[in-house]
Amino acid sequence: MFLSMSPKDPCQKQACELQKCLQANNYLEARCQAVLQELRKCCARFPKGRSAVCSGFEKEEEESLRLKSTPE
């Protein structure tokens, strides 16, 4: 029986779909919004740190929260 050293990333499929879309559309993010939304939905279903492909969204969210809590 073969056991993987690390569990499969739960959002890997969506991340791959986003890469395919971006490549097919000359990396124009605007043309891949539906695919990007699917990846964000997947990331929202799992706790922070569970999905490596979601780490960028987690950092983006933390930065956004930090900026909102900073007094102007």
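Is Lys-41 buried, partly exposed or exposed? With a relative accessibility of 45%, Lys-41 counts as partly exposed, a value that lies between the 20% limit for buried residues and the 50% limit for exposed ones. The model examined here is a predicted one, and the description below moves from the overall fold to the charged pairs, the loops and the pocket.

The chain contains 3 helices and 0 strands, and from the N terminus on its elements follow the order α-α-α. Helix H1 covers residues 12-24, helix H2 covers residues 33-44, and helix H3 covers residues 55-69. Of the 72 residues in the chain, 24% are buried. Among the contacts with a separation of 6 or more, 44% join residues that stand 24 or more positions apart. The accessible surface of the chain amounts to about 5,900 Å², and carbon and sulfur atoms account for 56% of that area.

Turning to the charged side chains, the structure holds 2 salt bridges. Side chains of opposite charge can pair when their charged atoms come close. In one of these bridges, the side chain of Glu-17 meets that of Lys-20, with an N to O distance of 3.3 Å. Both residues belong to helix H1, where a spacing of 3 residues places them about one turn of the helix apart. Glu-17 is partly exposed, at 35% relative accessibility.

A salt bridge also links Glu-38 with Lys-41, whose closest N and O atoms are 3.4 Å apart. These two residues sit in helix H2, and because they are 3 residues apart, about one helical turn separates them. Glu-38 has a relative accessible area of 41% and is therefore partly exposed. Its partner Lys-41, the residue of the opening question, is likewise partly exposed at 45%.

The loops have details of their own. Asn-26 lies in the loop between H1 and H2, and so does Tyr-27. Most residues other than glycine have a negative phi. Asn-26, which is not a glycine, nevertheless has a positive phi of about 50°, and the phi of Tyr-27 is also positive, near 60°. Asn-26 is exposed, with a relative accessible area of 62%, and Tyr-27 is exposed as well, at 52%.

What is the setting of Ser-51, in the loop between H2 and helix H3? At 3% relative accessibility, this serine counts as buried. The side chain of Ser-51 makes a polar contact of 2.6 Å with the side chain of Asp-9. Leaving aside residues up to four places away in sequence, Ser-51 touches Asp-9, Pro-10, Cys-11 and Glu-58. Of these neighbours, Glu-58 also appears in the lining of the largest pocket.

That pocket encloses about 200 Å³ of space. Which helices supply its lining? H2 and H3 each provide at least two of the lining residues, and H3 gives the most, with 4 residues. The lining includes Arg-40, Cys-43 and Ala-44, along with Phe-46, Pro-47 and Lys-48. Cys-54, Phe-57, Glu-58, Glu-60 and Glu-61 also take part in the lining.

Technical notes: Residues numbered from 1 in each chain as written. Predicted model: local features only at pLDDT ≥ 70, side-chain atom pairs only at ≥ 80, totals over all residues. Heavy atoms only, no water. Buried < 20%, exposed > 50% of the residue type's maximum accessible area, 1.4 Å probe, protein only. Contact = heavy atoms within 4.5 Å. Areas by Shrake-Rupley, 256 points an atom, 1.4 Å probe, with all protein chains shown as cover. Salt bridge = Lys/Arg side-chain N within 4 Å of Asp/Glu carboxyl O. Polar contact = N/O pair within 3.5 Å; in protein donor to acceptor, adjacent residues only side chain to side chain. 1 Å grid on protein atoms, 1.4 Å probe; cavity = no way out; pocket = protein on both sides within 12 Å on 5 of 7 lines; lining within 4 Å. Points joined across faces, edges and corners; volume = space filled by probe spheres on them.
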